[in-house]
Structure formats: structure tokens, C-alpha cells
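This report walks through the fold of one protein chain for a reader who has the model at hand. It goes from the whole chain to its strands and then to individual residues.

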Amino acid sequence: MGKFTIGCFASLVGSMNLDFAVKLAGAAMEKGHKVDLWVSGNATMISIKGQRAFKDYSSLEKPLKELMDKGLNVTACEACAEARGYTKDNTMEGVKRHSMDWYLASAFDADRVLHIGGE
């Protein structure tokens, strides 16, 4: 199988772009693809550790950790995270933080690239 890079540029609260990106990453991995998931903008919220799950409200920490245990590579835009107050200290274990050039390099090396969001 090939490498699939997903870039999620989620909008403000209420967007399901991030949920879709995580589900798509899982489906691609089940098919045998290597997946890099890049999150920037408000999507960097997925990188915060210790998220609280609510009934009938999207909470992605658990499914994200499960996918990361299976090999999903998750990287958050460091500048976007820092601008929103998400520091290295409160970043979920296993989530990388890099500048946009990491995403561009991943996209260059991928067999397929999908950008999600970005109004």
C-alpha cells in the first residue's frame, strides 16, 4: 500500500472536519496505508492531553490514541498550537509539533494528499 497525507485545517467550533479526518485516517490504515495526519489552525485542539469526554459531543482523544498505537503519525502546527495556548507541556504524548514545512515534506513524499477544511 501507499502513503496518505491528510491536512486538516479545521474551522471554528461546530465543524466536523476534524472528526472526518480522524475517521478517514482510520479507514485508510485499515486498508494498509501509512497515514500522516497534519492539523493546523483550530484543529490543533486535538493535540491537548486530558480532554474531557461528554455524552453526545465529539471527543477524539481516545480514537486518536488508538490510531496512534496502530501507527498513525499525528503532527500539529507548532505556531498554531502556541498561538492558542497549547504548549509542549499540555500536548498529548506521541503528537509531534513542527512548522508547516513538515507538512509540505510529508505531502511531497506521499502517494495521495487530501486537504480538509480551510475556509
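The text below describes a predicted model, beginning with the chain as a whole.

**The chain as a whole**

In this predicted model, the chain has 4 helices and 5 strands, and, read from the N terminus, its elements follow the order β-α-β-α-β-α-β-α-β. The radius of gyration is 13 Å, which agrees with the value near 14 Å that a compact globule of 119 residues would have. Along the principal axes, the C-alpha trace spans about 35 × 30 × 30 Å.

Of the 119 residues in the chain, 44% are buried. Among the contacts between residues at least 6 apart in sequence, 72% join residues that are at least 24 apart. The chain exposes about 7,000 Å², and carbon and sulfur atoms supply 55% of that area. As for charge, the chain carries 15 positive and 15 negative charges, and the mean positions of these two sets are 3 Å apart.

**Strands β1, β2 and β3**

Strand β2, made of residues 34-41, pairs with β1 and also with β3. Its pairing with β1 (residues 3-10) is parallel and involves 8 bridges, and within this pairing F9 stands opposite S40 of β2. The pairing of β2 with β3 (residues 73-77) is likewise in the parallel sense, over 4 bridges. Here D36 has N73 of β3 as its bridge partner, while W38 stands opposite T75 in β3.

How many of the residues of strand β2 are buried? The count is 7 of 8, so strand β2 is largely enclosed by the rest of the structure. Strand β3 is also mostly covered, with 5 of its 5 residues buried. From β3, N73, T75 and C77 point one way, whereas V74 and A76 point the other way, and all of these residues are buried. Two of the residues already named as bridge partners, N73 and T75, therefore belong to the group of β3 residues that point one way and are buried.

**Individual residues**

Four residues, two in helices and two in loops, are set out here with their accessibility.

| Residue | Place | Relative accessible area |
|---|---|---|
| G32 | loop between α1 (17-30) and β2 | 45%, partly exposed |
| L64 | helix α2 (residues 61-69) | 0%, buried |
| K88 | loop between α3 (78-83) and β4 (96-98) | 60%, exposed |
| L104 | helix α4 (residues 100-109) | 52%, exposed |

Is L64, in helix α2, buried or exposed? With a relative accessibility of 0%, L64 counts as buried, because buried is the word for residues under 20%. Leaving aside residues up to four places away in sequence, L64 touches V22, L37, I46, L72, V74 and M92. Among these partners, L37 falls within the residue range of β2, and V74 is one of the buried residues of β3. The C-alpha atoms of L64 and V74 are 8.7 Å apart in space, and the two residues are 10 apart in sequence.

L104, in helix α4, is exposed, since its relative accessible area of 52% is over the 50% that marks exposed residues. The C-alpha atoms of L104 and G7 are separated by 9.7 Å, although the two residues lie 97 residues apart along the chain. G7 falls within the residue range of β1.

In the loop between α3 and β4, K88 is exposed at 60% relative accessible area. Which residues does K88 touch, not counting those up to four places away in sequence? K88 touches E78, E82 and R97; E78 and E82 lie within the range given for α3, and R97 within the range given for β4. From K88 to S47, 41 residues apart along the chain, the C-alpha separation is 9.6 Å.

G32, which sits in the loop between α1 and β2, is partly exposed at 45%. G32 and A81 are 49 residues apart in sequence, and their C-alpha atoms are 30 Å apart in space.

Technical notes. Residues numbered from 1 in each chain as written. Predicted model: local features only at pLDDT ≥ 70, side-chain atom pairs only at ≥ 80, totals over all residues. Heavy atoms only, no water. Rg over C-alpha atoms; globule rule 2.2 N^0.38 Å. Buried < 20%, exposed > 50% of the residue type's maximum accessible area, 1.4 Å probe, protein only. Contact = heavy atoms within 4.5 Å. Areas by Shrake-Rupley, 256 points an atom, 1.4 Å probe, with all protein chains shown as cover. Lys, Arg positive; Asp, Glu negative; His and termini not counted. Charge placed at Lys NZ, Arg CZ, Asp CG, Glu CD. Pairing = 2+ DSSP bridges.
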